[in-house]
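Trainee: Could you take me through a close look at one part of this chain, the start of a helix, and then carry on from there to other spots worth a look? I'd like to follow it residue by residue with the model open.

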Amino acid sequence: MQKNLVIVESPAKAKTIEKFLGKEYKVLSSYGHIRDLQKKGLGIDIENEFNPIYEIPADKKKLVDDLKKEAATASMVWLASDEDREGEAIAWHLHEVLNLNKDNTKRIVFHEITKKAILEAIENPRFIDYNLVNAQQARRVLDRIVGFELSPVLWKKIKPALSAGRVQSVAVRLIVEREREIKNFTTESSYRITASFLLPGSAQGELVELKAELNKRPKIKEEALNILNDCNSASFTIDDLVTKPGKRSPAPPFTTSTLQQEAARKLGYSVSQTMMIAQRLYESGKITYMRTDSVNLSGFAIHAAQEVITETMGKEYSQPRNYQTKTKGAQEAHEAIRPTNLAMPQIEGNAQEKNLYQLIWKRTVASQMSEAQFEKTTATIAISNRDERFTATGEVIKFDGFLKLYIESVDEDGEDDKSDSSLPPMHIGEVIEMDQIAATERFSQAPARYSEASLVRKMEELGIGRPSTYAPTISTIQQREYVEKGEREGEKRSFVQITLKEGKIKEANQTETTGSEKGKLVPTDIGMVVNDYLLDSFPKILNFNFTAKAEKDFDSIAEGEIQWQECIRTFYEEFHKSVSDAIEAKTEHKVGERILGSDPKSGRPVSVKIGRFGAVAQIGAGSDEEKPQFASIKKDQSIETITLEEALELFKLPRQVGSYEEKVVTVGVGRFGPYIRHNNVFVSIPKETDPMEITLEESIVLIELKRKKEKEKQIKVFAEEAELEICNGRFGPYIIYKGTNYKIPKGSKEPALLTFEDCKQIIEEAGTKPAKATKGSKGTKGSKETKTTKAKKATK
């Protein structure tokens, strides 16, 4: 009989733990959850206290059988899934499904995968914490109810295959509201006046520059000119000097949220990418558990950091400190994210793992280092003929402290006026020489769009979600195409600059690029329409306070303070009624539809709305005798801002530009931009080419270019059948026949050696199960089937 069976949820974690335990322990993985809510139907018995209806997925049944056999032959079973609520739920599901006996089943938790932590956990086992399990069940049940009941409303009122969720819909609301805030923002200009003064820098009479800024920003150019005119005849005197010591403290160790934000700023990682890398580091025993909202460090870690700092930088750099978690409802784990071995500043692994590990190591060690000490000097410069003052600031670091190792990054927001340089020697009453003064027109800035990292920070501030939900929420809203990562090239903007130098005032118009963004979250038309409808019909669900309160309720359930079914019942009674009312409600226009005006040619109404495959413009109404005309809106257009004139332009396409190889060449525009169509093959038109002006000759060049690229993908063509060929796709070779893709089975001949008969046999054996279209393939049916599959998944 196997003496000890340890079950964890990850094979990588199992492999690491197995190294620390002796031959008396066998470590196996459950590969995540072994059961989940039933996929068909709601999966919740509403009439029976909202009890979840669980099922074992088909792909997990063999695994469950194997685990049952192993558990039956073990004298002790150790459930070692992660220490958060989801981990507790996994342990409970294992206990229930494997029919484990309480007498020979123990639950162990640890926040790092090291030999010391594993052995300590085995020395201090406990049983399953049902309060944590119930908190996780409450989350799953509430989220399933919201998604299951709201999604069909969206299908009926907007379009099929949409979804809604308790946290995801609120995240979309944040992004939509920020976008509208930006669009409604009115830019105001003012003039920033800066000056360069010259002071004696040494006994030899060398002059040094002193940069200062006026303490007032005029709103109009005339006022700025008046100030420069007065300064032209003024003298300048040091009116006041103030020197103050200052200190700067290090940032606390990483939580899930702060790690995601800093990895985005310093390393350029997405939120999901950061969590994937952190998961690997945790499972290989390099860092502590990566889903946490605690900034606390263990006494062991604090002492280890003190040793590293003292040995490598000196005793004066060490300042041990404990941090207190300020996040409301912090509960996921009991320690911040840190390396398991602080004596190891670097690790082996791929570049991403090395970079993230070093970021965590530096942040942890820096949190236990001395404060940086600096001296800040502020000089006030008087203007002899005006009341305004120029101000110059300088900062000198007296002791670098934690800055020697780590500086926390910040999101770019506005102008950076900080100076880390010292000011030249000067004294009160000293008359200084003006070298140049410049008045530069500056503009107020609209709020910045959210990046993934700044959205996480906002969600955390509002109490929306928990460390385990940030990454999946942000991934979901992008996968659902409610939000996309947008890139803005920026626009040219002119500004005025007035300079005073050597007694002459000159004015010049200059240009700058403003509004350029990369990787920021932008709502799509569908995202905005869904948000507006949900906000109007289900204001409670999209209320930030409701979502935050739900998280607090989960916390209370986890503490055993409230009963989880009662919490769900209170919500459901009101929610279910509002869903019924929304389905029955009738509207004059389709949800999200916007009437732009009338078509000058036909007099029929022109509108924009969300169609089955995205945003469309429409001429006419469904009730008209004449069938309505439709045109897809361009990717850079929005149904919120498109004008009547812009919508009518869309109906000028498709247009014929001529014929090539006795086939018509047509130019059109689809959801993803303009295209050329020739012989049922679509060719994208480059962004810089106007589809209204492209010629036949230019179209032929693009057609031939695509052919050349496609030919490079071809492995083999057949004289017997022009529509049969073997191509090389993103996921390997495949057969394409009459627009449908077929996978080449393993064990077949080399693709280039396949005969016509071989290919026909593969196609016949595949029957109605063709391969999904590979990226870049020419198949049309394959592409449609892929879309259908996605739609079905979304519906589920």
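Mentor: Go to the start of α1 and find Ser 10: a side-chain oxygen of Ser 10 comes to within 3.2 Å of the backbone nitrogen of Ala 12. Keep in mind that this is a predicted model, and that goes for every distance and angle I'll quote. The helix itself, α1, covers residues 11–20. Now ask which of its residues are buried. They are Lys 13, Ala 14, Thr 16 and Ile 17. Those four sit on the same side of α1, because they cover an arc of only 165 degrees around the axis. Turn the helix over and, on the face pointing away from that buried side, you'll find the exposed residues Lys 15 and Lys 19. Notice the lysines here: Lys 13 is among the buried residues, while Lys 15 and Lys 19 are exposed.

Stay with Pro 11 for a moment, and use it as a ruler. From its C-alpha to that of Ser 233 is 78 Å in space, with their positions 222 residues apart in sequence. Ser 233 belongs to the loop that joins α7 (221–232) and β11 (236–248). Is Ser 233 buried or exposed? With a relative accessibility of 60%, Ser 233 counts as exposed, since the cut-off for that is over 50%. To put that 78 Å in context, the C-alpha trace of the chain spans about 95 × 80 × 60 Å along its principal axes.

While you're zoomed out, take in the whole chain. There are 20 helices and 30 strands, and 47% of the 796 residues are buried. Of the contacts with a separation of 6 or more, 70% are between residues 24 or more positions apart. The chain exposes about 41400 Å², and carbon and sulfur atoms supply 48% of that area. As for charge, there are 120 positive and 121 negative ones, and their mean positions are 5 Å apart.

Back to helices, with α12 next. This one runs through residues 452–462, and its buried set is Glu 452, Ala 453, Ser 454, Leu 455, Val 456, Met 459 and Glu 460. What do those buried residues pack against? Helices α6, α8 (256–267), α9 (271–283) and α13 (470–479), plus strands β15 (483–488) and β18 (517–523). Right after α12 comes Gly 463, with a positive phi near 75 degrees.

A positive phi deserves a second look when the residue isn't a glycine, because most residues other than glycine have a negative phi. Ala 161 is such a case, with a phi of about 70 degrees. You'll find Ala 161 in the loop between α5 (130–157) and α6 (168–183), and at 22% relative accessibility Ala 161 counts as partly exposed. That value has to be under 20% for a residue to be called buried.

Next door in sequence is Leu 162, which takes us to Val 530: leaving aside neighbours within four places, Val 530 is in contact with Leu 154, Ile 158, Leu 162 and Tyr 482. Val 530 is part of helix α14 (residues 525–537) and is buried, with a relative accessible area of 4%. For a sense of distance, Val 530 and Gly 314 are 216 residues apart along the chain, and 58 Å separates their C-alpha atoms.

Last stop, around β25. His 678 lies in this strand, which covers residues 673–678, and His 678 is buried with 4% relative accessible area. A polar atom of the His 678 side chain is 2.8 Å from the backbone oxygen of Tyr 660. Not counting residues up to four places away, His 678 touches Tyr 660, Glu 661, Lys 663, Val 664, Val 665, Ile 703 and Arg 707. Then step on to Asn 679, in the loop between β25 and β26 (681–684). Asn 679 has a positive phi of about 55 degrees without being a glycine, and at 45% relative accessibility counts as partly exposed.

One more oddity before you close the viewer: the peptide bond from Leu 653 to Pro 654 is cis, with omega near 5 degrees, whereas most peptide bonds are trans. Pro 654 sits in the loop between α17 (644–650) and β23 (655–660).

Note on methods. Residues numbered from 1 in each chain as written. Heavy atoms only, no water. Helix = DSSP H or I, 4+ residues; strand = E, 2+ residues; numbered from the N terminus. Buried < 20%, exposed > 50% of the residue type's maximum accessible area, 1.4 Å probe, protein only. Contact = heavy atoms within 4.5 Å. Areas by Shrake-Rupley, 256 points an atom, 1.4 Å probe, with all protein chains shown as cover. Lys, Arg positive; Asp, Glu negative; His and termini not counted. Charge placed at Lys NZ, Arg CZ, Asp CG, Glu CD. Arc of directions from axis to C-beta. Polar contact = N/O pair within 3.5 Å; in protein donor to acceptor, adjacent residues only side chain to side chain.
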